[in-house]
Amino acid sequence: MAESICRALRDGALEGELAPALTIKDSVASPFALQVFSHVLSQLFSSILAGKSQSRGLVVVSFSRSPSFYLDLLKNKGTDIASSNNQIQILDCYSDPLGWKDQLAGSRNFTALSNEVLVSSTAIVFREVKHMDKLYNSIIELGKGLVGGGKIRFSIAIDSVDEMLRHAPVSSVARFLSNLRSHDQISSIFWLLHSDLHEARVTAVLEYLSSIVASLEPSHQLANGQRGDLENFSLIKHNSKKGKFHVRFKKRNGRVRVMSEEVHIELSGINFTSLPSEGAINQGLVPKVQFSLQLSEKERIDKANVVLPFEHQGNGKPIQIYDGRRSLVDGKHERPFAAVENVQTNENCGSGEIIYYRDSDDEMPDSDEDPDDDLDI
Amino acid sequence: MAAAKTRTSTFSRNLSTAAPSHGPGLKCGPNGTVFLSSGIPDLDKILGGGFPLGSLVMVMEDAEAPHHMLLLRNFMAQGLVLGQPLLYSSPARDPRGFLGTLPSPAASKDDKSRERDPDQEKGLRIAWQYKKYLGESQLDGQRDSKHEYSNEFDLRKPLERHFINGPRIDCVSIQDCPDLSTLRDRCATFLSQFPRISCAGRIAIQSFCAPQCAYSNMEWDMLSFIRYLKSMVRSSNSVAIITFPPLLSPSFCKRWQHMADTLLSVKAIQDEDKELAQLLTGYQDMVGFLNVHKVARINTQVPVILEATTFSIKLQKRRYLVLECLNQAPVDGSSGTSYGTSGGWSSSSKTGNLDF
């Protein structure tokens, strides 16, 4: 549910907790992560502008697209960038990630390409993507520049962790992300991931580090993954506009909430609708279980209320042993009578009763073979 | 039958009410082993007394749930309350911060039950023919010794400051270490402070192969560290507990599992899973599952075969951690399933990866 994701990011982090982190994951079969990312970004930014979110600023770390892409995106969604200059900052790791242009400019007196004036006020070029520590420091600096120091928080959007993983090993990226999550001033953080660019372990690491995992899957699985088949062509066409959106929330109490939606890509943007069929997203964790041998409180009280056959005598009255000979009618009159008089160990006379019918009338009382003589019901 | 005597037969079994000659928090077990409490009374019962001294406990985490932290908290808090030295290491920048979240021992529930009217029957329902033989109850007296060994912890009450600031607590952060030599040295110094059986120590290593640690891709080094730790712990009087996330390659994951003396794993529960709710009683209160894969057996060849290996983790009144067996919910008669087919529930399409 895209709504719940946006809400979770909006609400942000609690004191002493790690900031919520969202991974948006897709694959070639259903490559809509960018649209989802843009949707989440614009939603979060509009709630920041409206003051409805915990965070007061947004830092976008852009690796795979130029900063102007985001500014245009936000402009198209109707937010006014010029007046909201102090609420968004873009760390541009796209133009010159490894500092090559700088080196060229330095050695040949080359004038660097001039950026648009509009962009340069909101975007800062970062040139050392191999050094995660410096990246971390720049992001924190940018954020503090937006919201000031103290307790005010800001959010971070990372366009494509894939690019980060190209330049740095998994453990540094993991450390970078977990340090960001544990920073006091970060309200929420989300990133994009193309899962087929990496080994399974890398995807597992990123899912481990996030508290919400949103994955995009094709509505129809292609048969045998073959793409050139005529039969599959219609499926491919179908998959290029629609997909399934699965979200797993890690809740605070340790439970996992799983949700699903359908996703439609249109020119104007992306639409989320609920799934037509309530398919069970059961992970198949159903074990073989035993029957309950323990009693709940209520059951225990009821059990205690049952007057056992050997209990309600021996209190001064002469002991009578039921021999099963009396007729049922008499027996019925006797029983409640005896129960009411002799119950003293239990305060509440519950509804427990024992009904006993002798097997046959032929047997003599006090027969050695019959152990039921002790019973006085 | 002699009446009004403390024993009704000439045999008397010496239960573990024996004075803890080994020191506080230790209990004798079969085969010459000495037990240490895990901090969770239910888990002690399941494991047959607790964690044996000298064993290595490994907990496989679930990437989606923090239940291993519950186990660690109880373990560490139990050690601090009994005055046992503790070494804690975690990938966080400041591991000391975690000590602030340790729970405090719960107010004893047994105190209330002692005020019962002694004239009343002591909860035993004796047939009237035998009341004259009713001897003295032997149920008292075992409660006190229980508190010297294990406590129930109230997860909502933080542990008192003076326990946390004790001198025998050491914290290590493993995030920035390029390799495991620092951790290895700290463990060695910690374990060398225990002379023969006078005091037992606890080592808690949280999220050992967490991805943010620099050594997390050095799989053979991590394995040799675990082997080293296991041998050090076996020859000293301590218990080490290591939790690790499921981010290892499958062969190494198996190797780590084999290294453990006691192997547990925690699993997350899906929220609002109607089918699970129908199948299990008490689904609403469960926060997760705990699996016991291996129970330590030191000094004996006889394995432990548990009746059930999967337990549900519940928080009673949101305070006390309890482990319960999974119980099948009563089959709804109106829905038409009978006993014959209800067994088919579990064997149909859902292949459980919960092991029984």
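Biologist: How many helices and strands does chain B have?
Modeller: Keep in mind that we're looking at a predicted model. In chain B, both kinds of element turn up. The tally is 11 helices and 14 strands.

Biologist: What share of chain B's residues count as buried?
Modeller: Chain B runs to 356 residues. A residue counts as buried when its relative accessible area is under 20%. In chain B, the share that does so is 49%.

Biologist: And what part of the area that chain B exposes do carbon and sulfur atoms supply?
Modeller: Start with the total: chain B exposes about 17,700 Å². Of that area, carbon and sulfur atoms supply 52%.

Biologist: Which residue sits in the loop between β12 and β13 of chain B and has a positive phi without being a glycine?
Modeller: That loop links β12 (286–294) to β13 (310–316). The residue there has a phi of about 70°. The one you're after is B:Asn299.

Biologist: Is B:Asn299 buried or exposed?
Modeller: Its relative accessible area comes to 55%. Exposed means over 50%, so B:Asn299 falls in that class. The word for B:Asn299 is exposed.

Biologist: Where in chain B does B:Lys317 lie?
Modeller: B:Lys317 isn't a glycine, yet its phi is positive, near 50°. Look ahead of β14 (320–325). B:Lys317 lies in the loop between β13 and β14.

Biologist: Why does B:Lys317 count as exposed?
Modeller: The cut-off for exposed is over 50% relative accessible area. B:Lys317 counts as exposed because its relative accessibility is 67%.

Technical notes
Residues are numbered from 1 along each chain as its sequence is written. Chains are lettered from A and ligands numbered from 1 in the order in which they are written. This is a predicted model: local features need pLDDT of at least 70, side-chain atom pairs count only at pLDDT 80 or more; totals for chains, interfaces and linings use all residues. Side-chain values use heavy atoms; hydrogens and water are left out. Helices (H or I, at least four residues) and strands (E, at least two) are DSSP runs, numbered from the N terminus. Buried means under 20% relative accessible area, exposed over 50%, partly exposed in between (1.4 Å probe, protein chains only). Accessible areas come from the Shrake-Rupley method with a 1.4 Å probe; for residues, only the protein chains shown count as cover.
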